[in-house]
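The exercises below are to be worked with the sequence and the coordinates at hand. Each task is followed by a stepwise solution.

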Amino acid sequence: MGPVTRAGCGGEGVTPRCIAARVPCRGCYGPVRQTGNQRLDMLNALASNGIDIQSLPESTSLLRFSGAHQLLRPPQGG
Amino acid sequence: MTTSVNSKIINIAPLTRIEGHASIAIKLDDDGNVADSKVHFQSLRGFEKFVEGKPAEELPRIVNRICGICPWHHHLASNKAVDRCFGATVPPAGRKLRELMQTISHAEDKLLHFFFLAAADFVIGPDADYAVRNVIGVAKANPELAQKVVQMRFKAKMMLEKFAGKAIHPVAGVTGGFAKPMLAEDRKQMLADMQEILDFALYTMEFAKTQVFPPYLETVQTLGVIQTGFLGTVDDDGAMNLYDGKLRLMKADGSYTDFEVQDYTDYLAEQVVPWSYGKFPYAKSWNEGFSLDLDAPKGIYRSNCLARINVAEKMTTPKAQAELEEFRESFGRPAQATLLYHWARLIEMVYACEHAIDLLNDPEITDPDVRSEVVPGAGRGVGCVEAPRGT
């Protein structure tokens, strides 16, 4: 999921898990840009490829690109 | 554990040796004897509702989140339902790979359940303080064995992960079959690993029969014994099958009816109770209603390993068959003692290991034709497999 995640779920140089099973990647676990907005990135990627979001059979699942990672903080006191 | 003397209700919350969230409320009468007890499932899962409107082929990747311990069974049951809905035919190799993954998953689950969840009561003893009567206590009592258990479980989990990408939350089962074929070298390695796990399963069976169960045999046959029916999957010959077959619904007297999974609503129904989020399936076809009365339960059947062992005529593998015969000679058919679930679980572990090896030895398992063309369409499909703790 190039537009949204920066690498697969195993990190750089590791085959993502679903790809290892020959199942397409849906970008659920890969690392993302800390300052980015995943959902916006995904919508931009669709739009710039001429895909109308209204034409998708089901778009609610795109909410998995929610940007919630920005709410994660390192634990206090290490 | 909190005890409230005034209200005469003992609440045990949370229950720790289970998957999920539940508590038990035990009600005492004026003399301090148990008057009633209820298990409360405390979490609403909601999967039935939030999968509505999703593409059907996505379901196997969504419902595998129902459980982190037995995701393969949810994954494959939903795959079978979608296959049926779309009218897809799974090629033999695809079916066998699915079954192999599920069978390995069963094998490692038995180790987890027996050693991590159940053994403490037997090894440390039922009267021991609960601070030591747990998996850490078991590990301290027999560190060498505990290490071996963890190693064997790890090996099985890694077999699944290495071949299918993910050991938990699997994605490799796809509508119409399996996502990838098995190569000769995968098969060779898995056969070697599985043989090692079978050896440990046989050791565990013997260990349990000689060192774990004997002091408790009387307790096992008297504690928590209820008379219920049983449900499990069998093949056309009546042998136990974990992946596919017809459902056999057995009454407490041992008589039974077989039916197709697609027709299950003619035989089973669900009861909703006000005190638990868990729904209570019962045997509608017995026409006796639903009652949890312990002395005279109505419509109640049990599933899971003891049920499968009870409904099956036989096992398809030799060592498991020998264990079944020995079990049946001692405890009859159907065996009703609840604690015999542990014994039945170990028989299933031997079966799962043997059956996984049979599947790996099948030349067809490496056939590259693992997935058929699928045309999505509206339809109805019911999918069912045997999960470690239920049908």
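**Exercise 1.** Which side chain of chain A meets that of Lys54(B) in a salt bridge?

Solution. The model is a predicted one.
Step 1. Apply the cut-off: a side-chain nitrogen of Lys or Arg has to lie within 4 Å of a carboxyl oxygen of Asp or Glu.
Step 2. The partner of Lys54(B) is Glu58(A), at 2.9 Å from N to O.
Step 3. Count such pairs between the two chains: chain A and chain B have three salt bridges.
Step 4. Sort the chain A residues on the side that touches chain B: six are nonpolar, two polar and four charged.

**Exercise 2.** Describe the extent of the interface between chain A and chain B, and find the three residues that supply most to the area on the side of chain A.

Solution.
Step 1. Count the residues: 12 from chain A are in contact with 16 from chain B.
Step 2. Interface size is often expressed as the accessible area that is lost when the parts come together.
Step 3. Here chain A and chain B bury about 1200 Å² between them, and carbon and sulfur atoms account for 54% of it.
Step 4. On the side of chain A, 39% of the area buried against chain B comes from Arg17(A), Arg22(A) and Arg26(A), more than from any other three residues.
Step 5. Count polar contacts: with both residues at pLDDT 80 or more, the rule finds three residue pairs across the interface of chain A and chain B.

**Exercise 3.** Examine the backbone at Arg22(A), Pro14(B) and Pro334(B), and place each residue in its chain.

Solution.
Step 1. Recall the background: most residues other than glycine have a negative phi, and most peptide bonds are trans.
Step 2. Arg22(A) has a positive phi, near 60°. This residue sits in the loop between helix 1 (17–20) and helix 2 (38–48) of chain A.
Step 3. From Ala13(B) to Pro14(B) the peptide bond is cis, with omega near -5°. Pro14(B) belongs to the loop between strand 2 (9–12) and strand 3 (22–28) of chain B.
Step 4. The bond from Arg333(B) to Pro334(B) is also cis, with omega near -5°. Pro334(B) is in the loop that joins helix 10 (318–331) to helix 11 (340–361) of chain B.

**Exercise 4.** What are the volume and the lining of the second largest pocket?

Solution.
Step 1. The volume of the second largest pocket is about 530 Å³.
Step 2. Of its 23 lining residues, Cys28(A), Tyr29(A), Leu63(A), Arg64(A) and Phe65(A) are the closest to the centre.
Step 3. By class, the lining of this pocket consists of 11 nonpolar, eight polar and four charged residues.

Conventions:
Residues numbered from 1 in each chain as written. Chains lettered and ligands numbered in written order. Predicted model: local features only at pLDDT ≥ 70, side-chain atom pairs only at ≥ 80, totals over all residues. Heavy atoms only, no water. 1 Å grid on protein atoms, 1.4 Å probe; cavity = no way out; pocket = protein on both sides within 12 Å on 5 of 7 lines; lining within 4 Å. Points joined across faces, edges and corners; volume = space filled by probe spheres on them. Nonpolar A, V, L, I, M, F, W, Y, C, P; charged D, E, K, R; others polar. Contact = heavy atoms within 4.5 Å. Buried area = accessible area lost by both parts, 1.4 Å probe. Polar contact = N/O pair within 3.5 Å; in protein donor to acceptor, adjacent residues only side chain to side chain. Helix = DSSP H or I, 4+ residues; strand = E, 2+ residues; numbered from the N terminus.
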